[in-house]
Amino acid sequence: MPTPLVTGISPREGCPGIKITIRGENLGLDEKDFVALKVCGDDCRASATWISPNKIIAYAGHGQGKGDVIVTTKSGGIGSCSVGFYGRVEQAGQFQEVAVWIEEDAVALFGLNVSKAPALLPGSGDTLGGSAADSSNANAAEELYEMFPTTPTAAPITPKIPVGATIEAIRPAFELDCDEKLSLPGGLGATPSLFAVPSRSSTDITQPNFNPYYYLLAHKSTANFDELRKNLDHLKRTQSDNKGASTTLVKNNIASFMEAVDIMKDIRRFSADDRKKNFYEPVIKLVEDISHIAHSMYDTDLARKDYSDTIRNALNVIQRYKFIFHLPQTIERSVKREEYEKVINDLVRARAAFETVDSTVFRNIQREVEQQIQNLRTLFRQRLTEFPSTIDDQKLFIRYLHSLDPKADPAWDCIIHQKAALIDVLRSCVVDPRQQQQQQQTHEIKLHHDQATNAVDQACDVLTTAFPDLWYLIQLYLKKKLYPLSEKSDEIDKTYTHRAPEFLALTKEIIQTFINVVRLNLLNRSTTKKSDMTSSQDDDLYTNADETYQRVKTLPHCVQNCRLCVLHLVSLDIQLDFKKELQQLMFDLRLECFKVIMDHACLEVSRLNTQETWELECDEHLGSHTKLPNLFHDMIVTKANIIYENVLSVNVTKGERKFFEDKEATKQAAIAVYRLLGDFASVFELLIKDCSSSTSNSIEPLSSSTTMITSSEHLSKTLRLIIILNNFAYTRRFILPRLKKIFLNYGFRGMDRVYDEVEIIYKRVDERLLDTVQNEYLRPFLHRLESRMYAGRFDWATHIRVTSVKDYVKHIILDLARVHAEVYSISSQLVYLVLSRILSTLVNELAKLYSNINQFSKAGGMQACLDLIALQECLGRCMESETSNKLKELITQIPEATEHIKSKALTDMLNVFLKQMQPYSIAFRDVVIQQQPNATN
């Protein structure tokens, strides 16, 4: 079993002998298991009674100071405690106060009187006149108490004499006021029979008829002899331990005992003297005097009662109208606390009182109250004209003012003031348009647009917040719900029907002011509108680039904010004409937002050439291209999403118009798409212009063609041109159809016509690109063709022997092989387009050179036929039919061409040449004729 634990003690301090209650856990299974108790180090087991495992009642010993309360059990051993007991050293005296209460049990047990006589503490030594020898002859009753303490189940529980307290110790206390002494049945040495128990015997040791045998029968009837012997042994040990304690107690308290005896004797003497001297006669006389005085006072009170009744009646009147006398102060205090409801109620009561009572005092108070009412009207009107204010506050102050003056019309005044304040705020939201005309710097333009945006946001917020409350107030006014029907005056009732047109004009003025504010801040740009699809709009666009960049940042936000405001207003039950004006404003804003977004997109597209990084990406259909076409595609998709969110998405149920149902919007959308796609075509022209200004070589060595693809920093001019050409082809074939599909999905109309016009532009740009590429490649060809033809002072008229194809033909084939390799590294589909145009020009140049030859020798004619036939055989698949026919016609113009063609020598030399050039000419055999891409496919 766990060790005992004391968790509580009551009281927590006291003198020796005070009754204490100990609470805790595991304080013993029963009385037998509870073996020891120490309070402040003093053994208190003999005076302790076990009640339950959680409770023990005991009497404190004479331990002094603060100490622990330790319980010891057989099952748990020596316990512990979480609280302590403080043993006080003060003693109770007849005229001395103590801090503890002397229990009645101690009074009955030790003979203490209620006047706090000095306490006879248990275990403090022998009593007065006792000795150590006397303590050995202890009274039998005391020994019975020590040997056989009362069990918890016995009833009633009587106090027990602690070890060391003898009958002789308490006998003098009983002998002070009694003539006969305390005597026990049978005396100390008597030996009564166990069976001769008196019929009126008692188990209380303090009673004269106490009988120890009866005590045994009442409390120890279930005890066996072994237990009695054990208790006897315990008593003997305790008695031997406490020898000398009684003597110490008497010695320490001899003065107290003697003082108590003297006091009791004095009391007894005074009582006898009072009986002899007739002490009660002065008291009787004093009572009679007091009675006479009381009657005289009563008569005086009766006289005053009438006067008091008069005063009371006056006070009742004052009490009845007390609130009137205090009304000015009450009103002032309530106004400071803004308890206006209480003020109104007090004024209503005061009016009724003023009508029933006519008094000078009341008239003075009434004048003061009327002045306060006037001040209240002024205050309420000021609060009513505050802007902005909620509809609840407006209704409340209207009701207050109407209560103060039923003939007034505060609701109409509130409506007029709120309308004027709302219009003033809206007009203050206009940014001076002259500032925009004077602005030149970017930061000034940005500042202007920020101010305009903030002004529009403020106007929308004010209108969204204040106008619904004002509209609701107007509706309540028209429906006659602002004033109580029972108090409404006839004059006000007549004005309702006449003020309906005024409310319409008031609403129209507010809405028109808001529309003007938005238009002045957002729609006052001076731009030249063009209806045709020309580039005349670009001049205004690019000169106002800074403004466009600022407007595209702010206008979509303003459109969304204005849209929420307009939808909120349209949801009110306003007139249809007002709704149409607001919807027209929103459509104009959406159209302007569309234009600004598309203008910004055109600006961004026109500057895409600066974002070309020349980093190649491979496409399985068109070979390698850069990120430029996809960058253009992503930019358009982003702008289309922005347009859809801010312009195209509508709420038809709220009356919003679909954007492309308007002819002007459809027209502007078509023009914007046309400009957008045309600007991207111009990007390629800018890139070609940049490449043309480059100083890099036109054709690099054939071995470096591989590095051209992987290194974007050292691309040759011709390779850059091929990349631009392939990007343009990729755009026409893939990007433009994707964008067309996106535009159609978003509801754009007239895209077929737009794309037809765009196709014309792209074909023109494509021709320019091809011409630029052709000229760039042909420049070294044409520059060295004639010199290579006549190298070594060759003369067609004097040539005498044909050995092989001339070197200029070999150079043509090798140079074209390099061109083929460079173009093929980017896109195989461009090889035929580039080579066919180069060969067409080259054949024309050869035709010019041969036309200038006046005479051919026979060997010269064969040499010319061999050279031209070699070109035909090696490069024929890369030629257009017109170029091939022209080359054949050029061969037939050579003298004796038919004979030379049939000669075996020419055939043998041609075969040898073709075999030699096979590593180069084999690339030309796989060239596939490609058609021009179409953007509408």
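These questions and answers walk through a predicted model of one protein chain.

Reader: How many helices and strands are in the chain?
Author: The model is predicted. Its chain has 937 residues. Along the chain there are 13 strands, and the helices number 34.

Reader: What percentage of the residues is buried?
Author: Buried here means under 20% relative accessible area. Count such residues among the 937 in the chain, and the share is 45%.

Reader: Among contacts between residues at least 6 apart in sequence, what share joins residues at least 24 apart?
Author: A contact means heavy atoms within 4.5 Å. Take the contacts between residues at least 6 apart in sequence; the share that joins residues at least 24 apart is 75%.

Reader: How much of the area that the chain exposes do carbon and sulfur atoms supply?
Author: The chain exposes about 49300 Å². Of that area, carbon and sulfur atoms supply 52%.

Reader: How many disulfides does the structure hold?
Author: Two cysteine sulfur atoms must lie within 2.5 Å to count as a disulfide. Take Cys 562, which is buried at 0% relative accessible area. Its closest cysteine sulfur, in Cys 460, is 3.6 Å away, so that pair is too far apart for a bond. For the whole structure, the number of disulfides is zero.

Reader: Is Cys 15 buried or exposed?
Author: The cut-off for buried is under 20% relative accessible area. Cys 15 has 10% relative accessibility, so Cys 15 counts as buried.

Reader: Which helix gives the largest share of the nonpolar patch?
Author: The patch on the surface is formed by Tyr 307, Ile 311, Leu 315, Ile 318 and Phe 325. Together they have about 500 Å² of accessible area. Four residues of the patch come from one helix, residues 280–320. That helix is α9.

Reader: Where is Leu 315, and how does its accessibility count?
Author: Leu 315 belongs to the nonpolar patch. Its place is in helix α9. Its relative accessibility is 48%, so Leu 315 counts as partly exposed.

Reader: What span should helix α15 have at 1.5 Å a residue?
Author: Helix α15 covers residues 410–427, which is 18 residues. The expected span is 1.5 Å times one less than the number of residues. The end C-alpha atoms of α15 are 26 Å apart, which agrees with the expected 26 Å.

Reader: How far does helix α19 reach from its first C-alpha to its last?
Author: Helix α19 has 23 residues, 500–522. Its buried residues include Phe 503, Leu 506, Ile 510 and Phe 514. At 1.5 Å a residue, 33 Å is expected, and the reach of α19 is close to that, at 33 Å.

Reader: Which residue does a cis peptide bond join to Phe 387?
Author: Omega of this bond is about -5°. The partner lies in the loop between α13 and α14. The residue joined to Phe 387 is Pro 388.

Reader: Where is Pro 11 found?
Author: The peptide bond from Ser 10 to Pro 11 is cis, with omega near -10°. Strand β1 covers 5–10 and β2 covers 13–14. Pro 11 is in the loop between β1 and β2.

Reader: What is phi of Glu 896?
Author: Glu 896 sits in the loop between α31 and α32. Its relative accessible area is 44%, so Glu 896 is partly exposed. Its phi is positive, in a residue other than glycine, and lies near 55°.

Reader: What is phi of Asn 26?
Author: Asn 26 is in the loop between β3 and β4. At 22% relative accessible area, Asn 26 is partly exposed. Asn 26 is a residue other than glycine with a positive phi, near 60°.

How values were computed
Residues are numbered from 1 along each chain as its sequence is written. This is a predicted model: local features need pLDDT of at least 70, side-chain atom pairs count only at pLDDT 80 or more; totals for chains, interfaces and linings use all residues. Side-chain values use heavy atoms; hydrogens and water are left out. Buried means under 20% relative accessible area, exposed over 50%, partly exposed in between (1.4 Å probe, protein chains only). Patches are made of residues with over 30% relative accessible area and no salt bridge: like charges are joined within 9 Å, nonpolar side chains (Val, Leu, Ile, Met, Phe, Trp, Tyr) within 5 Å. Accessible areas come from the Shrake-Rupley method with a 1.4 Å probe; for residues, only the protein chains shown count as cover. A salt bridge is a side-chain nitrogen of Lys or Arg within 4 Å of a carboxyl oxygen of Asp or Glu. Helices (H or I, at least four residues) and strands (E, at least two) are DSSP runs, numbered from the N terminus.
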